[in-house]
Amino acid sequence: MSSPKSSTRPFSVIVEGNIGSGKTTFLQHFNEYENVCVLAEPIELWRNCNGHNLLGLMYEDVKKWSFTFQSYVQLTMLQQHTRKTCCPIKLMERSIYSARYCFVEKMKQDGLLPDASAAVIDKHFKWIKEYADVDVDLVVYLRTTPEVVYERMMARNRAEEKTVSFDYLKAIHEIHEQWLYHKNLFTLPAPVLTLDANLDKSVILEEYMKYEPYILNKSMAVNA
């Protein structure tokens, strides 16, 4: 079976990080450029799948809804990866990779996702990687501490996040660190650019501007 992957896709960047790491602020900054297609995490789709708030259900009862939610996340992230654009650069908030490597992995570790369910998601994931055009060119890792993101999460007060504990954020942080910073957990889909996302919002834009040449494909001196 031949692969339908395209050789003409845009320069594709995935923006990864913990809950509250500043992904929205990052995307808002780059959304000002006309040649950049910015795709936010499809949270509204997760809140309304034919009238069902899968995000809310998952936070209410993770063990019951983990497979349903992560299956839908995988589908919607695949749609993001394969969405057509005329722009030469595409920035995505999270990806099919972090969905599998961070959040599904955490559910597996905690025993919230049965082995059989995890196997189904993994089979879908491997097929998608082989036959769908989900290749990316750069990973931007917004690196934060669990303490900082917990404070931010409490301040923004999203309804679905009220049950998210500090311990959960710490565990998700550790998985991101192993995958994207220490690079000893799972394969990397692209070179990684790590930014200090602990910085206050008043100065973080300077950090983004410093690395714009890498993010906008003007210079690619990033080590995998």
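Let me start with one side chain, R156. It is partly exposed, with a relative accessible area of 34%. R156 sits in helix α7. Keep in mind that this is a predicted model.

What does R156 touch, once residues up to four places away in sequence are set aside? It touches I19, G20 and E161. Now compare sequence with space. R156 and G56 are 100 residues apart in sequence. From C-alpha to C-alpha, that pair is 16 Å apart.

Stay with α7. The helix runs over residues 146–156. Which of its residues are buried? They are P146, V149 and M153. These residues cover an arc of only 70° around the axis, so they sit on the same side of α7. Now turn the helix over. The face turned away from that buried side carries E151 and A155, both exposed. And what covers the buried residues? The cover includes α8, residues 166–181.

After α7 comes N157. Its phi is positive, near 60°. Most residues other than glycine have a negative phi. So where else does a positive phi turn up? Here are two cases.

Take R94. Its phi is near 60°, positive, and it is not a glycine. R94 lies in the loop between β3, residues 89–93, and α5, residues 96–109. Is R94 buried or exposed? R94 counts as buried, because its relative accessibility is 7% and the cut-off for buried is under 20%.

Then K183. This residue is not a glycine either, and its phi is positive, about 60°. K183 is in the loop between α8 and β5, with β5 covering 192–196. K183 is partly exposed, at 34% relative accessible area. So we have a loop arginine, R94, that counts as buried, and a loop lysine, K183, that is partly exposed.

Next, helix α4. It spans residues 62–82. I picked three residues from it.

Begin with S66, which is in α4. S66 counts as buried, at 1% relative accessibility. What does S66 touch, leaving out residues up to four places away in sequence? The answer is M58, M107, L112 and L113.

Further along α4 is T76. T76 is buried too, with a relative accessible area of 1%. Leave aside neighbours within four places in sequence, and T76 is in contact with P42, L45 and W46. Look at W46 in particular. T76 and W46 are 30 residues apart in sequence. In space they are 8.5 Å apart, C-alpha to C-alpha.

The third one is M77, again in α4. M77 counts as buried, with 1% relative accessibility. Its contacts, without neighbours within four places in sequence, are P42, W46, M92, E93, R94, S95 and I96. Notice R94 in that list. That is the loop residue with the positive phi from a moment ago. P42 and W46 are contacts of M77, and T76 contacts them as well. One more pair: M77 and Y97 are 20 residues apart in sequence, and their C-alpha atoms are 9.1 Å apart.

Now zoom out to the whole chain. How many helices and strands are there? There are 10 helices and five strands. The radius of gyration is 17 Å, close to the 17 Å that the globule rule gives for 224 residues, so the chain is as compact as a globular protein of that length. Along its principal axes, the C-alpha trace spans about 50 × 45 × 35 Å.

How much of the chain is buried? Of its 224 residues, 48% count as buried. Then the contacts. Take those between residues at least 6 apart in sequence. Of these, 76% join residues at least 24 apart.

On to the surface. The accessible surface comes to about 11300 Å². Carbon and sulfur atoms account for 51% of that.

Last, charge. How many charged side chains are there of each sign? The chain has 26 positive and 28 negative ones. The centres of the two sets lie 4 Å apart.

To recap, with the structure on screen. On α7, find P146, V149 and M153 on the buried side, then E151 and A155 on the face turned away. On α4, find M77 and follow its contact to R94. That's my part.

Technical notes: Residues are numbered from 1 along each chain as its sequence is written. This is a predicted model: local features need pLDDT of at least 70, side-chain atom pairs count only at pLDDT 80 or more; totals for chains, interfaces and linings use all residues. Side-chain values use heavy atoms; hydrogens and water are left out. Helices (H or I, at least four residues) and strands (E, at least two) are DSSP runs, numbered from the N terminus. The radius of gyration is taken over C-alpha atoms; the globule rule is 2.2 Å times the number of residues to the power 0.38. Buried means under 20% relative accessible area, exposed over 50%, partly exposed in between (1.4 Å probe, protein chains only). Contact means heavy atoms within 4.5 Å. Accessible areas come from the Shrake-Rupley method with a 1.4 Å probe; for residues, only the protein chains shown count as cover. Lys and Arg count as positive and Asp and Glu as negative; His and the chain ends are not counted. The place of a charge is taken as NZ of Lys, CZ of Arg, CG of Asp or CD of Glu. The arc is that of the directions from the helix axis to the C-beta atoms.
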